[in-house]
Each structure stands twice: as structure tokens, then as C-alpha cells.
Amino acid sequence: MLSLGIDPGTAIVGYGLVREHADSSLEAVAYGVIRTPSDLPMPQRLKLIYDDLTTLVARYRPDTAGVEELFFAKNVTTAITVAQGRGVILLALQTAGVRIREYKPNMVKQSIAGYGGADKTQMQTMIKMLLHLDSIPRPDDAADALAIAITNLQVRHFADDD
């Protein structure tokens, strides 16, 4: 089973692909970020995200995808911008026929570190261990996306709709 995790944004979209083998071991297949230039108008940035994600999905053909839900902080403008990127991400995945699940940040932390309030260092250390990596994945957005991909694989074991 190949899971794609997405950490949404408009400036930076993190992605991580994790394969679960028959023996339940996990392997990082690919991870990284999609970056959009801040000097481009938002419609062009959203198209870049759509196009790059569509290419990524066509290349790896994930069985399922997990996308982080929005966490609304104090900056409403940022939240709206991220929501636009998230919408394009959901559209790209749905159009490609990839099964999508959405996760709140604290659920991802609970799944990976066993504590919904885990900090970034705890999360990155666990990702490194779970995926048997030599170093913590960089940038942070890619590490977050790998965490979402792993959570997505773990949740599917308990879901009755797979």
C-alpha cells in the first residue's frame, strides 16, 4: 500500500510517499516540497500546485492520500490563503481518483508520537525512526507530510471502508 501525505500551503506544499510492506514495515519512497514564487499572482500559484501534484500522483500512483486539515490560528488572511491551496490539492487528488482522508494536526501527532501535543522535534525523531532514515527529513513541510502519510496507513487498519 502506497500512501501520499500532504501538508498543504500555497508558498510551500509538503509531500511524502510511504509504502507499507506486507510485513507492516514502512519505507519512505519519496518526499519533498512544491514551492511557488511569492511574486506570482495567486491563480498562477494555485495552478503550479495543481500541475505539480498531478504530475507527482501520475508518477507514483498512490493508493490513498492523507491531507492535513486546516488549523486556524490568529491570522485569518493566512488561513484563507492556505485554504485555497488545500482546495486545489483536494481537487487534484479527487480528479486523479485517489482515495482521500483528512487529519487534524493533533491526530497526526497522536498517531506518530503517542501524544497529541508532541513538539516538532519529537515528531521528526519519530519519523526518522519509523522510516529507518539516516537523518531527519528536510524541510519541515516534507517531514510533516511523511507523518501524515504514516498516519493515513495506520488509520486504514481501523477503518471499515477499505
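**Exercise 1. Find which elements cover the buried residues of helix 1, and which face of the helix they line.**

Step 1. In this predicted model, the cover over the buried residues of helix 1 includes strand 1, strand 2, strand 3 and helix 2.

Step 2. The buried residues of helix 1 are Arg45, Leu46, Ile49, Leu53, Leu56 and Val57. Viewed down the axis of helix 1, these residues fall within an arc of 100°, so they line one face of the helix.

Step 3. On the face turned away from this buried side, helix 1 carries the exposed residues Pro43, Lys47, Thr55 and Arg59.

Step 4. Check the length. At 1.5 Å a residue, the 19 residues of helix 1 should span 27 Å, and the end C-alpha atoms are 27 Å apart, which agrees. Arg61, with a positive phi near 50°, follows helix 1.

**Exercise 2. Lay out the sheet: what is the order of the strands, and which strands are at the edges?**

Step 1. The sheet is open and consists of five strands in the order 3-2-1-4-5, with mixed pairing. Strand 3 and strand 5 (99–103) are the edge strands, each pairing on one side only. On average, neighbouring strands of this sheet are turned by 20° against each other, direction ignored.

Step 2. Take an antiparallel pair. Strand 2 (residues 12–20) and strand 3 (residues 26–35) run antiparallel and are joined by nine bridges. Gly14 has Val33 in strand 3 as its bridge partner. The two strands form a hairpin with five residues between them.

Step 3. Take a parallel pair. Four bridges link strand 1 (residues 2–7) and strand 4 (residues 64–68) in the parallel sense. Here Ser3 has Thr64 in strand 4 as its bridge partner.

Step 4. Add the helix that packs on the sheet. Helix 2 (residues 76–95) touches strand 1, strand 2, strand 4 and strand 5, and its direction makes about 170° with that of strand 4.

**Exercise 3. Describe helix 2: which of its residues are buried, and what follows the helix?**

Step 1. Ala79, Val82, Gly85, Arg86, Val88, Ile89, Ala92 and Leu93 are the buried residues of helix 2. Their cover includes strand 1, strand 2, helix 1, strand 4 and strand 5.

Step 2. For its 20 residues at 1.5 Å a residue, helix 2 should span 28 Å; the end C-alpha atoms are 28 Å apart, which agrees.

Step 3. After helix 2 comes Gly97, with a positive phi near 80°.

**Exercise 4. Identify the residues that touch the most other members of the largest nonpolar core, and the elements that build this core.**

Step 1. In general, nonpolar side chains of soluble globular proteins tend to be buried together.

Step 2. The largest nonpolar core has 20 residues, of which Leu4, Ile6, Leu53, Ile89 and Leu93 touch the most other members. Two or more residues each come from strand 1, strand 2, strand 3, helix 1 (42–60), strand 4 and helix 2. Helix 1 gives the most, with five residues.

Step 3. Follow one member. Beyond its neighbours within four places in sequence, Leu93 is in contact with Leu4, Leu53, Val57, Ala65, Val67, Val98 and Ile100.

Step 4. There is also a second, separate core of 17 residues, including Ala28, Ile112, Ile127 and Ile148.

**Exercise 5. Decide whether Leu17 is buried or exposed, and list its contacts.**

Step 1. Leu17 lies in strand 2.

Step 2. The relative accessible area of Leu17 is 1%; the cut-off for buried is under 20%, so Leu17 is buried.

Step 3. Leaving aside neighbours within four places in sequence, the contacts of Leu17 are Leu2, Ser3, Leu4, Glu27, Ala28, Val29, Ala30, Leu56, Tyr60, Pro62 and Leu146.

**Exercise 6. Locate the residues other than glycine with positive phi, Ser24 and His132, and the cis peptide bond.**

Step 1. Recall the background: most residues other than glycine have a negative phi, and most peptide bonds are trans.

Step 2. Ser24 has a positive phi near 75° and sits in the loop between strand 2 and strand 3. With a relative accessible area of 49%, Ser24 is partly exposed.

Step 3. His132 has a positive phi near 55° and is placed in the loop between helix 4 and helix 5. Its relative accessibility is 63%, so His132 counts as exposed.

Step 4. The cis peptide bond joins Arg138 and Pro139, with omega about -5°. Pro139 is in the loop between helix 4 (120–130) and helix 5 (140–156).

Conventions
Residues numbered from 1 in each chain as written. Predicted model: local features only at pLDDT ≥ 70, side-chain atom pairs only at ≥ 80, totals over all residues. Heavy atoms only, no water. Pairing = 2+ DSSP bridges. Axes fitted to C-alpha atoms, helices over the stretch in contact; angles between N-to-C directions. Contact = heavy atoms within 4.5 Å. Core = buried A, V, L, I, M, F, W, Y, C linked by side-chain atoms within 4.5 Å. Buried < 20%, exposed > 50% of the residue type's maximum accessible area, 1.4 Å probe, protein only. Expected span 1.5 Å × (residues − 1). Arc of directions from axis to C-beta.
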